[in-house]
Amino acid sequence: MKKLLMPVLLLGLFIAGCKKDDAPAPEPQQPQEAEYLRLVITDVEKAQITVLEPLTKKTTVYPVKAAQPTLYATSSGQFATIISRADNTVQFFNTGIEAHGGHLHVHDPEMATQTFTEAGPTHYFSHEGLSAIFNDGAGSLSLFKDAELESGEGRVLPVAAPHHGAMVIFDDHTIAVTQKDGSVSGTLPEKVRIIDRFGTVLHEGTIATQGMHGDAGNGKLAAFGAPDGVLIVQQNGEQYLVNYPADFGTAWLSTILGNKALPHFFGYAAALGLYKIDPVAKQITLVQKNESNIHQYMLDTQGKNLYVLLNDGTLKIFDANTAQLKKEGKISAAIPAGAAADEKPYFGVSKKCVYITEPAAGVVKMYSLETLQLVSSIPVEGKPLKVLVVGDQEGLEVDNH
């Protein structure tokens, strides 16, 4: 009997071991968004925005001036700025979600009282509670703080001759704004001066370029793309150019990205790709080559990650500090060459998830940022196009005292 016990015992251990090894791996924990995070979504065909609550999947539709407006968040995340350039109209959606001293004040969502109707509203910038829109047709800035959007007290400040302009707001709420002196033909500006938020000129531009397009800032520095190089403007008015690498040829960085958490910037040239711009070392280095395959790119609101969506549906996520690739994965079908608007997906990101539209299917898909696995597919009325993350990403508690 003793001789039989050992084989039987070993067989039992073997079976138990097999059961343990064959047990399915635990499902990855699905991310749960903050209760008061919101998505604002535009439509391909309809003059409306859809506000989506990811946690409950609830959607609410609001009429706006035109279909396919451009969306931006104010620096607080409370408001979505809705720019309908062709209709010379800027509207604002108030989420009613206000971060205040480590908690939230929550009110009913609504379209804000403030609207602007200056000619050619285009470039937008928001920093530390102050926001601005450059109005190309008027050479003016629409300036506002969040509280002024609720009261309708935003104001328009003439700053330049009409041109395709831009501006960057510094930590002290002074503003680097483009100027058109006519030394270069066309609508692009040549110089940047610094003004206060009431229009007083503090520092005149000291470098004339061959035309500028693209702007970004981190509170201390402003960066503007130009054929001559990337123009860096400091708060004190000092200016200098960061030269392009020799292999740029005639290409230049006409879109610039920045964030207050980053000491550097990122720039895009359609003919070349995405580049890191180091304003201290005065170097420009390649991050992602564009072989006619970059569809969309953005920084998250924390300045933690740089996201690049390729035409084959692959999302690449780079560390925004090191510019090194962290992960990649498919989040959409391939985008066909010459795709119509309802064939083009666009994405937005929160701290936990990536959201991407499928216009033809009428859905917004939600992917885990950690795993890039599909979490949910949420139906949205119409043909959803652009998506903007607003509201609270932190999961703060509500205290409406």
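Here are a few friendly notes on this predicted model, strand by strand and pocket by pocket.

1. Let's begin with the sheet around strand S4. Four strands make up an open sheet, running in the order S4-S5-S6-S9 with antiparallel pairing. Strand S4 (70-73) and strand S9 (110-111) are the edge strands; each has a single partner strand, so one side of each lacks a neighbour in the sheet.

2. Within that sheet, S4 pairs with strand S5 (residues 79-84) in the antiparallel sense, through four bridges. If you want a place to check the register, Thr-70 has Ile-83 in S5 as its bridge partner.

3. Thr-74 is worth a look, as it sits in the loop between S4 and S5. Is this loop residue buried or exposed? Its relative accessible area is 4%, under the 20% cut-off, so Thr-74 counts as buried. The side chain of Thr-74 makes a polar contact of 3.4 Å with the side chain of Asp-146. Leaving aside residues up to four places away in sequence, Thr-74 touches Phe-79, Thr-81, Tyr-124, Ser-126, Ser-131, Phe-144, Asp-146 and Leu-149.

4. One of those contacts, Ser-131, leads on to strand S11 (residues 130-135), where six of the six residues are buried. Which residues lie on each face of S11? Leu-130, Ala-132 and Phe-134 are on one side, while Ser-131, Ile-133 and Asn-135 are on the other, and both faces are covered.

5. Now for the partners of S11. On one hand there is strand S10 (residues 121-127), which pairs with S11 in the antiparallel sense over five bridges; here His-127 stands opposite Leu-130. On the other hand there is strand S12 (residues 140-145), whose antiparallel pairing with S11 has six bridges, with Asn-135 opposite Ser-140.

6. Both connections are hairpins, and their turns may interest you if you look at backbone torsions. S10 and S11 are joined with two residues between them, and Glu-128 in that turn has a positive phi of about 50 degrees. The hairpin of S11 and S12 has four residues between the strands, and there Gly-139 takes a positive phi near 65 degrees.

7. Two further loop residues could go on your torsion list. Ser-292, in the loop between strand S25 (283-289) and strand S26 (294-299), has a positive phi near 55 degrees although the residue is not glycine. Leu-372, in the loop between strand S32 (363-368) and strand S33 (374-379), also departs from glycine, with a positive phi near 60 degrees. How does each of them stand on accessibility? Ser-292 counts as exposed because its relative accessibility is 67%, whereas Leu-372, at 6%, counts as buried.

8. Finally, the second largest pocket. Rolling a probe the size of a water molecule over the atoms reveals where empty space remains. The second largest pocket holds about 230 Å³ of space. It is lined by 15 residues, and those closest to its centre are Lys-304, Asn-305, Tyr-307, Lys-351 and Leu-369. Strand S27 (305-310) and strand S29 (325-330) are the elements that give two or more residues to the lining. What is the make-up of this lining by class? There are eight charged, four polar and three nonpolar residues.

Terms used:
Residues are numbered from 1 along each chain as its sequence is written. This is a predicted model: local features need pLDDT of at least 70, side-chain atom pairs count only at pLDDT 80 or more; totals for chains, interfaces and linings use all residues. Side-chain values use heavy atoms; hydrogens and water are left out. Buried means under 20% relative accessible area, exposed over 50%, partly exposed in between (1.4 Å probe, protein chains only). Two strands pair if DSSP finds at least two bridges between them. On a 1 Å grid over the protein atoms alone, a cavity is a set of points where a 1.4 Å probe fits but cannot get out, and a pocket is an open set with protein on both sides within 12 Å along at least five of seven lines; lining residues have an atom within 4 Å of a point. Grid points are joined across faces, edges and corners, and a volume is the space filled by probe spheres set on the points. Ala, Val, Leu, Ile, Met, Phe, Trp, Tyr, Cys and Pro count as nonpolar, Asp, Glu, Lys and Arg as charged, and the others, Gly among them, as polar. A polar contact is a pair of N or O atoms within 3.5 Å; within protein, one must be able to donate a hydrogen and the other to accept it, and residues adjacent in sequence count only if both atoms are side-chain atoms. Contact means heavy atoms within 4.5 Å.
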